[in-house]
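User: Could you take a close look at the largest cavity for me, and then walk me through what else you can see around it?

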Amino acid sequence: MTWLRVFIHRMRGLFLKEKLERELQDEISSHLEMQIEDNLRQGMSPDEARRQALRKFGGVEQVKESYRDRRSLPIVEATLQDLRYGVRMLLKHKAFTALAVLTLALGIGANTAIFSVVYAVLLRPLPFPEPERLVVLAGKGVGGRLIGSGVAYPDYADWRIRAQSFKETACFLTTSFNLTGVDRPVALPGRRVNWNLFQMVGVKPELGRLFTEQDDRAGASPTTLIGHGLWKEKFGGDPSVIGKTISLDGNPYEVIGVLPPGFELLRRDDLYVPLGLWFTPDNNLMKRSNQFPLYVLGRLKPGVTEGQARREMEALSQQLEREYPQTNSNRTATAVRLTDLLVENVRPVLLVLLGAVGCVLLIACVNVANLMLVRSAGRERELAVRLALGAGRGRIVRQLLTEGGLMAALGGATGLLIGAWGIASLTTLVPANLLPLDQVGLNPTVLAFTLCVSLLTGLLFGLLPALHASRTDLNTALKEGGRSVAGAAWERARKGLLVAEVGLALVLLVGAGLMLRTLQHLTRVNPGFKADNLLTVRFALPGRVYDKDRRLVFFRQCQAQIAALPGVRSAAFVMSLPIDGSSWNSPFVVADKPVPASGEILWAAFTPVSANYFETMGIRLVGGRVFTEAEMTDSPPVTMINESLARRLWSGEAPIGKRIKQGFADSQAVWREVVGVVADVKMNGVDQEAPLHVYLPLAQRNSSSVGLVVRTMGDPLALASTVQRTIQSIDKDLAVSNFRSMDQLLGNAIARQRLTMALLAGFALLALLLAGVGIYGVMAYAVAQRRRELGIRLALGAQTSDLLQLLIKQGMRLAGLGIVIGLAVALMLAKLMTSFSSLLYGVKSTDPATFALIALILLMVALSACWIPARRATKIDPLVALRHE
Amino acid sequence: MEQQKNEVLPGTLNLIVLKTLSTLGTLHGYGIARRIEQASGNLLQLNQGTIYPALLNLEQMGWIKSKWGVSENNRRARYYSITPAGKKQLAAEEANWRRASEIMIRFLEPLGENT
């Protein structure tokens, strides 16, 4: 235990330093005085007495020094000393420090902000046990999507019986409910679910209970579970909500429980209702038909992998295809991890951005390392003197590392501020439907990340100069009389760093450039209709109140009243809004063509529309006519198709008069005559091709869920509240909110790319700036180093243009090398950007224009960064330069 | 002419200080230094200052303790005294030293004296 005792003693020494120092001083002086007194008593003269006393004592300072070494912890003391010295050095070179710290802070701040998002979205565990063992079962996706449509109930029933990979499965259906009786009527996102879904997921209710099997059958007393958000917003977080009855779509439901905060199943839902309540034998859902509204969630059996489950689902769909060739042909099922599905859209964006901020940080590090190298070369003499006076090399390295660490700490602290600001502005910049940003913030994990990044950067840029210094050759450094003699190796290191920096900046710029071009293409895409001055809203007419006929009455009345409003040109109804996604996709058959083999059945988007829809939207009529108001339930069934479909089926023939039928060959649907052809309209986002499209008259086919489009004369959103009042004057219980202009819909559709572009462009500009500063710094240093040489050249008659050329050539050689390497790397990375993230649209990953332009921009920046210091060099007065040495 | 003086053997200063304090009781640094010189018959070349790091070391080990007091001629001084642990340590080191020096002496005795 002696060591502990000594340690405590020494710790004490660390903190009581000044007191102990004073005591030591007192003790020594009293010792000396006693000796002097004794000496005087022996008859020495006062001077002699003093001299003898000091001689006998030995070196006072040495004694103190060895005493101090023992008194406290020398390592800690030395570190403190290094820190003090470091702070002094940083304060002495304020501009240098500010530049370095700011550079680092930008890099670290950008990383902190992006990492906080990555953590919240990709890394944070879901709030239930083993989320990675939950898989979503659905139709296989196309075009790079993970999943496609859902599944029909009978198929699910078969899956449940036959599939061996799952411990348990449950299905759900995505819908919305009109909540009335609480404030104004609102349409809320909700789901009909199997009773066992929540138990399977492993979520516990915050309040009340979950569904039981008894709740989940036709004829059961209707119950509902509400989300935490709804509970807080509409019920003020009042626990007495349990047992209350609320009205959904006009039906009473008893609230039995509240789900915990943060619980989401692929999106925020406010209401959950048992699926079984809704099942009746004549419900379409019960048929093995062409509607696939259900998605299935399953928990894998222990030991079964996602891949095994997927293969089983694929095999299972082939079985079903053989058994039900009419309905199940070409329908492959798949199993996808819930966690993968959650981040499907944003993962590539985030990975690209993470890569980008990583690059920015690297560039920042390289820049600071370069700055430090330049400075440490300038400090060579100081270090050499310290070495000569007996400082150990280890001590010097530690000193330089301490300075690096100090700088990194400052950079990290400032970076944290920038990061916090970045997070705040990200939250306002990013549309909520793209990223769930409510979970993003500076939490302990993010702080730990920032700390690690700062330490790592400190090490990274502190190590180089430290190594450099530790190799300093004493003799040369001192002999050369203060002129730096950075070895060739270090010169190369610095140049290498510069090349790397330019390369990294180029990679980022190319990424940003490609995104910019993508966005350019996306905003120029012709959606097939006139998007300006269009107001849109979706709502539902509750099935209990509105049968088919009453719906038609409502449509007519509503359309007429809205069209009569001042500022409105016309209004029309449509089942699925363009861009927003087609909600009804179905196979179809053609009258004059042979029944297609099961693999060749065509699918189209089916969209019931009111007669004036095409005129209101400004969709071009290509041939034939549009629907008329006269086309009623009992008039002959008609249809309109889009150009793509006409071309696909009857290229060269006139499509007018042909007949098609929704569903498979044996479907009960009526044959419809094609009366018109219209231009293609983008239904599923801006970057997706327009689907094959079949329009039906709303009078002949409609459903409870509708979209309203209003062509206005001015700002469409200004009319939203008037339109809402008009609709609710017809039926006050209709939940009509969430008005969006078509421009907003279009904007949301490209929000992912826009966000990527904006951030990438920001980071790329930062990189460009840093690279410019880096080149400038190195060139300025090189010029300073060669002052004497340049002076001699001038004195010997060199023209300033010669010198300019000499210096610029030197800098541009490095920049050029960086650009070439960067181009190669960018080519590889950009390919990655298309192949696995589908972020690009309308532009190839090898787009020569982008690459050329970016290279040119970087060249220009490099050129000006070389030009300024080179220009200054030509102003050197040879006499001054020569005398300078 | 000054007589030849010996350096303090490395590692023996602790023992010397402990022994001094154990014999004479409480002493200040100067007193200890004087005492060592006297005891060695002024044959020991001692840089008086070196006893202070040694005193610190001994105190950290818990073998001696110190407190501030006033000297015979009214000077503030730090007084050191041995602790029980120090006495034990002294006994052990003394025994060690005796053994070691006996061996050395035996080794240095001229051989064959008894033959």
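Analyst: Here's the cavity, followed by some strands and the contact between the chains. Quick ground rules: this is a predicted model, where local features need pLDDT of at least 70, side-chain atom pairs count only at pLDDT 80 or more, and totals for chains, interfaces and linings use all residues. Residues are numbered from 1 along each chain as its sequence is written, chains are lettered from A and ligands numbered from 1 in the order in which they are written, and side-chain values use heavy atoms, with hydrogens and water left out.

The structure has six cavities of 30 Å³ or more. A cavity here is a set of points, on a 1 Å grid over the protein atoms alone, where a 1.4 Å probe fits but cannot get out, and its lining residues have an atom within 4 Å of a point. The largest one holds about 100 Å³ of space, a volume being the space filled by probe spheres set on grid points joined across faces, edges and corners. Its lining includes A:A138, A:G139, A:D155, A:W159, A:S317, A:L320 and A:R331. Strand 1 (134-139), helix 7 (153-162) and helix 10 (306-323) of chain A each give two or more residues to that lining; helices (H or I, at least four residues) and strands (E, at least two) are DSSP runs, numbered from the N terminus. By class, the lining has five nonpolar, five polar and two charged residues. Ala, Val, Leu, Ile, Met, Phe, Trp, Tyr, Cys and Pro count as nonpolar, Asp, Glu, Lys and Arg as charged, and the others, Gly among them, as polar.

Elsewhere in chain A, strand 2 (residues 166-180) pairs antiparallel with strand 6 (residues 245-248) over two bridges, pairing requiring at least two DSSP bridges. There, A:T180 sits opposite A:S247. Strand 6 of chain A also pairs antiparallel with strand 7 (residues 251-258) over four bridges, and A:L248 has A:N251 as its bridge partner. Those two strands make a hairpin with two residues between them, and A:D249 in the turn has a positive phi of about 50°.

Over in chain B, an open, antiparallel sheet of three strands has the order 2-5-4. Strand 2 (27-28) and strand 4 (64-70) of chain B each have a single partner strand, so one side of each lacks a neighbour in the sheet. Seven bridges join strand 4 to strand 5 (residues 76-82) of chain B, with B:K67 opposite B:Y79.

Finally, the contact (heavy atoms within 4.5 Å) takes 25 residues from chain A and 27 residues from chain B.

Conventions:
On a 1 Å grid over the protein atoms alone, a cavity is a set of points where a 1.4 Å probe fits but cannot get out, and a pocket is an open set with protein on both sides within 12 Å along at least five of seven lines; lining residues have an atom within 4 Å of a point.
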